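Reader: I'm new to this one and would like a close look at a single part of it, with enough of the surroundings to know where I am. Could you pick a helix and walk me through it?

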Amino acid sequence: MSRTDLWFASLLLPEGWADDVRLTVIEGRVASVTQGTAAVPTDERHEIGLPGLPNLHSHAFQRGMAGLTERRGPSEDSFWTWREAMYRFVDRMEPDDVEAIAAQAFLEMLEGGFTRVGEFHYLHHAPTGAAYDDIAELAGRIAAAASATGIALTLLPVFYAHAGFGGQPAAPGQRRFVNDVERYGRLIEASRRAVSSLPDAVLGIAPHSLRAATPAEITTILPLAAGGPIHIHIAEQTKEVDDCLAWSGRRPVELLLDRLPVDGRWCLVHATHVTEAELDGMVARRAVAGLCPITEANLGDGLFPARRFLDGDGRFGVGSDSNVLIDAAEELRILEYGQRLVLRSRNALASPAVPSTGRRLFDGALLGGSQALGVAGGLAVGAPADLVSLKADDTTLVCRRHDQWLDAWVFAGGRAQVDCVWRAGRKLVAAGRHLEREAIGRRYRQTLARVLQEA
Ligand SMILES: [Zn+2]
């Protein structure tokens with residue numbers, strides 16, 4: 001029986017901050033939490049402890065493109081010109097490459113304060129478009145990368161069938177993503193096997209978007225979720241809203257809520273361009289808004305009306321999406337700053353009940369992100385011991401306490417203040433560095449050199 005006793009001067013528990021806390025971890029789970037107790041020599045001592053945050057939306061392979069699409073092209077650059085560059089990158093990747101890049105992305109997530117990732121996995125087939133002998137070959141590579149880094153995985157294999165609204169045939173650049181309903185069923189079955197040996201893994205489904213999957217197809221694949229999460233990209237771009245209106249007379253979120261049984265298992269990723277009625281509908285259905293503030297800013301998507309959504313008790317989580325930069329605190333910071341810039345006010349996402357903006361963002365992202373990834377989240381007895389400690393003596397955090405640590409971490413710091421990270425009680429990051437950083441980084445460098453050389 002494996003047992004670890006961690007002692008924290010302060011630890012953020014589901015009921016709030018507690019001081020002088022011993023967290024006993026047995027077989028990877030929180031076995032007991034004792035508050036107001038002095039450390040003993042057998043305790044591993046730390047100052048500031050937080051539950052690990054869920055990263056609810058990632059396309060791991062896109063980590064390899066970070067910084068390569070920041071040059072002006074011949075025409076106006078947009079999400080759509082970025083997507084063309086992404087398709088060219090996709091064309092060159094072999095299974096080993098997918099695994100190496102995903103491992104680097106997952107390692108950086110752990111170092112950045114995330115302990116679980118929702119991988120919205122749409123790269124399924126060989127470069128020719130043919131299925132691999134094992135249809136879940138690449139899902140297996142994502143699982144292998146999760147295993148190598150230790151991050152918890154919610155795998156969301158993507159259903160992708162069309163190039164645009166109304167069932168348009170997929171484009172050549174999309175051939176590695178595409179399945180019909182029957183083959184998708186086999187992919188889900190094989191993906192379930194691929195994650196079966198990963199501790200605490202969750203499998204869900206992900207109709208890519210209303211562009212790539214029709215409402216009728218989504219209805220057909222829903223039973224494959226088998227109680228797990230259901231994620232969909234929606235209303236990320238104004239062009240998508242316009243195309244949806246032209247095709248159906250309704251906006252994407254409006255159409256989704258009308259036609260499909262959206263409930264608390266659903267995560268609406270981006271939902272950037274929404275009306276007040278659509279926001280109210282999302283709240284009423286208890287769906288999570290999957291916000292990806294760094295990527296949405298990088299791609300020029302627009303701004304989700306987060307203040308109105310949170311004031312209405314909407315649930316949200318954050319995701320690193322394109323992985324152009326991986327940092328849990330910075331996702332929360334950009335989320336708040338977007339609202340400040342538009343509303344021309346400060347502390348836009350704090351509330352009368354939770355006046356600390358850092359705390360409100362952290363609590364919200366923990367709760368909503370966990371819901372979206374199909375887990376409980378937080379350091380309750382019986383939960384996996386997924387936690388993060390911060391460097392209390394870092395100049396950014398010094399002379400602060402409790403919620404002020406979160407405010408300082410989110411607004412004045414970031415990944416540099418992450419000290420240790422545990423997943424299921426296993427310490428994976430110490431002094432801000434993942435234990436496998438050298439080996440995983442070496443393989444990533446070699447992979448990228450080869451993949452980009454083939455350009
Ligand atoms: Zn995405």
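Author: Of the 455 residues in the protein chain, 60% are buried, and keep in mind that this is a predicted model. Let's set the scene before zooming in. The protein chain holds 14 helices and 17 strands. Its radius of gyration is 21 Å, close to the 23 Å that the globule rule gives for 455 residues, so the chain is as compact as a globular protein of that length. Along the principal axes, the C-alpha trace spans about 65 × 45 × 45 Å. Contacts also reach a long way along the sequence: among those with a separation of 6 or more, 74% are between residues 24 or more positions apart. As for the outside, the chain exposes about 17400 Å², and 50% of that comes from carbon and sulfur atoms.

Now for the helix, and I'd go for α14, residues 437–453. With 17 residues at 1.5 Å a residue, α14 should span 24 Å, and its end C-alpha atoms are indeed 24 Å apart, so the two agree. Which residues of α14 are buried? They are Ile440, Gly441, Tyr444, Thr447, Leu448 and Val451. Look down the axis of α14 and these buried residues fall within an arc of 130°, so they line one face of the helix. Turn to the face pointing away from that buried side and you'll meet the exposed residues Glu438, Arg445, Gln446 and Gln453. And what does the buried side pack against? The buried residues of α14 pack against α1 (79–91), α2 (95–111) and α3 (137–149).

You can set another helix beside it. In α8, residues 276–285, the buried residues are Glu278, Leu279, Gly281 and Met282. Seen down the axis of α8, they fall within an arc of 160°, so here too the buried residues line one face of the helix. Ala277 and Ala284 are exposed on the other side of α8. The cover over the buried residues of α8 includes α7 (252–259), β11 (266–270), β12 (288–291) and α10 (306–311). Just after α8, Arg286 takes a positive phi of about 65°.

Back to α1, one of the partners of α14. The loop between β5 and α1 contains Gln62, which is buried, with a relative accessible area of 3%. Leaving aside residues up to four places away in sequence, Gln62 touches Trp82, Met86, Tyr122, Asp321 and Ser322. Take Met86: Gln62 is 24 residues from it in sequence, while their C-alpha atoms are 7.5 Å apart in space.

On the other end of that loop is β5. Six of the six residues of β5 (residues 53–58) are buried, so this strand is largely enclosed by the rest of the structure. β5 pairs with β6 (residues 114–121) in the parallel sense, over four bridges, and the partner of Asn55 in β6 is Val117.

One more sheet to find on your screen: an open one of eight strands, in the order β3-β2-β1-β4-β14-β15-β16-β17, with mixed pairing. β3 (29–34) and β17 (433–434) stand at its edges with a single partner strand each, so one side of each is left without a neighbour in the sheet. Inside that order, β14 (residues 387–390) and β15 (residues 418–423) pair in the antiparallel sense over three bridges, with Val388 bridging to Val421 in β15.

Terms used: Residues are numbered from 1 along each chain as its sequence is written. This is a predicted model: local features need pLDDT of at least 70, side-chain atom pairs count only at pLDDT 80 or more; totals for chains, interfaces and linings use all residues. Side-chain values use heavy atoms; hydrogens and water are left out. Helices (H or I, at least four residues) and strands (E, at least two) are DSSP runs, numbered from the N terminus. The expected span of a helix is 1.5 Å times one less than its number of residues. Buried means under 20% relative accessible area, exposed over 50%, partly exposed in between (1.4 Å probe, protein chains only). The arc is that of the directions from the helix axis to the C-beta atoms. Contact means heavy atoms within 4.5 Å. Two strands pair if DSSP finds at least two bridges between them. The radius of gyration is taken over C-alpha atoms; the globule rule is 2.2 Å times the number of residues to the power 0.38. Accessible areas come from the Shrake-Rupley method with a 1.4 Å probe; for residues, only the protein chains shown count as cover.
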